[in-house]
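Please look over the sequence and the structure shown here. The report that follows covers a helix pair, the nonpolar cores and a few single residues.

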Amino acid sequence: MPRRSPSTSRIAKSTMVHPALSLPRLTTCGLLVLALGGGALLQGCSKAAEPAAAPEAAPPIAQSGQLRFPPGHPQLALLTVAAARASKDIAVDLPARLVWNEERTQRVYPAFAGRVTAIRADLGQSVKAGAPLALLASPDFGQAQADTAKARADQSFAQQGLRRQRELFEAGIVARKDLEQAEADAARAQAEVARAAARTSLYGGGNAVNQQLALTAGMAGVVVERNLNPGQEVRPDQSGPGNPALFVVTDPASLWVQIDAREGDLASLRPGDSFTLQVPAYPEATFTGRVTAAADAIDPGTRTLKVRGVVPNADRRLKAEMLATVHVQESRESGVVIPAAAVTLNGTQHTVYVQREPGVFEPRKVVLGYEGPREVVVSRGLEAGEKVVAENVLLLARQFQAAEEDAPAPVPGAPASPAGGKAEGTAKP
């Protein structure tokens, strides 16, 4: 039997297939790799297994002052359009603030200096007319009580002197002049009593001199503000504008509405006109009010006019100092109405993007007759029925600018593009 050489044995071992790589378990690429030993072929097999990438959509082009998108471009789904409609009635939103109805509100200030000895009413408490709110120990009020007592004593003395002079006159002892002098003294004493008594009774004082001053409610209502504590010293010079009242009593069944209106809104906010009101605390609720008065001067700082209205509040859901939005309907006889988001502002120039046909958009300069937070009135530059881009306007503006920059240079002597330069702007709020 022929004997194998060591080299022949090593070659046989190197060509043996491993049991784990038996033929039935090998793929076609694996067989080719094993047969050819080529790493490049293995790389080619892996590339063949990857899916082919989808072709990118062609970019829009700027042509003749218009931006043209290829049919089916994905950005067209983002450009929502709205049709301009003839301006007849437009909803206007105005900022407002709720305050107490001053015709049904009383602010209590001290008439005399003194010290607070007791509090008889607190916040949210309902009080009747004449009910005590607080008690003060006031020496000044005690002086007023003493003046009343002195006036009554002087009146009594003057009446006794008058009776005595009348008896002496009837007896022929004194002259008529003395009688008339006694009558004048009695009349002056009576007048002084009336004055002093009216002063003390105005602030709740009686016949006694006790220096106890009661702060009372002059009307029925609810205590909505309290700015004093027991032991606090109060003075009359602490009253007036800029100083908080000791008590504020009001009837919250109705509130005033302070509206900041523009000059163009005055025709819809005349006394007697109605409006609707919404507050952030009740976003689904609507309240109805009525205009009662309007100021005769415009605030030079804000260029707004103060208009006052009144709104019923029987259920007391509305609170003073709430911020609100007033909705009114204004009549516009000219122009067209479009969404405010459709307008861009570049410097001082307003621009909209008109859809000439599906996928074709054209920038157009317009003049606004009214600017609102939701709608604007275009007085010149747009016709009713034309469609404008109402969403993602800045995206379209930047796309238009990029397309113009990528467009070839114009041929000398050719007419200029009606686009008027760059289309980038700032969206209207």
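**Helix pair**

Helices α4 and α5 are roughly antiparallel to each other, because angles over 145 degrees count as such (under 35 is roughly parallel, 65 to 115 roughly perpendicular, the rest oblique). Their axes cross at roughly 160° and come within 8 Å. Helix α4 covers residues 139–170, and α5 covers residues 176–202. Axes here are lines fitted to C-alpha atoms, for helices over the stretch in contact, and angles run from 0 to 180 degrees between N-to-C directions.

The crossing of α4 past α5 is left-handed. That term applies if the near helix is turned anticlockwise from the far one by less than a right angle; clockwise is right-handed. The contact of α4 with α5 has 13 nonpolar, 8 polar and 10 charged residues. Here Ala, Val, Leu, Ile, Met, Phe, Trp, Tyr, Cys and Pro count as nonpolar, Asp, Glu, Lys and Arg as charged, and the others, Gly among them, as polar.

**Basis of the model**

This is a predicted model: local features need pLDDT of at least 70, side-chain atom pairs count only at pLDDT 80 or more, and totals for chains, interfaces and linings use all residues. Residues are numbered from 1 along each chain as its sequence is written, and side-chain values use heavy atoms, with hydrogens and water left out.

**Overall make-up**

The protein has 6 helices and 25 strands. Helices (H or I, at least four residues) and strands (E, at least two) are DSSP runs, numbered from the N terminus. Of its 429 residues, 33% count as buried. Buried means under 20% relative accessible area, exposed over 50%, and partly exposed in between (1.4 Å probe, protein chains only). Take the contacts (heavy atoms within 4.5 Å) between residues at least 6 apart in sequence: 73% of them join residues at least 24 apart.

**Nonpolar cores**

A nonpolar core is a set of buried Ala, Val, Leu, Ile, Met, Phe, Trp, Tyr and Cys residues joined through side-chain atoms within 4.5 Å. The largest one holds 26 residues. Which of them touch the most other members? They are L98, V257, L277 and L318. Strands β5 (89–100), β14 (254–261), β15 (274–279), β16 (282–298), β17 (305–312) and β18 (323–331) each supply at least two residues. The largest share, 5 residues, comes from β5. A second, separate core of 19 residues includes V108, V223, V234 and F247.

V257 has contacts beyond its neighbours within four places in sequence, among them L98, F275, L277, V307 and V326. A320 sits in the loop between β17 and β18. Beyond that same four-place window, A320 is in contact with L98, V99, W100 and L255. The C-alpha atoms of A320 and V257 are separated by 9.3 Å, with these positions 63 residues apart along the chain.

**Positive phi in loops**

Two residues that are not glycine have positive phi values, Q211 and N392.

| Residue | Phi | Loop between | Relative accessibility |
|---|---|---|---|
| Q211 | about 60° | α5 and β10 (212–216) | 34%, partly exposed |
| N392 | near 60° | β24 (387–389) and α6 (393–406) | 37%, partly exposed |

**A buried helix residue**

Is A397 buried or exposed? At 0% relative accessibility, A397 counts as buried. This residue is in helix α6. The C-alpha atoms of A397 and L67 are separated by 9.6 Å, although the two are 330 residues apart along the chain.
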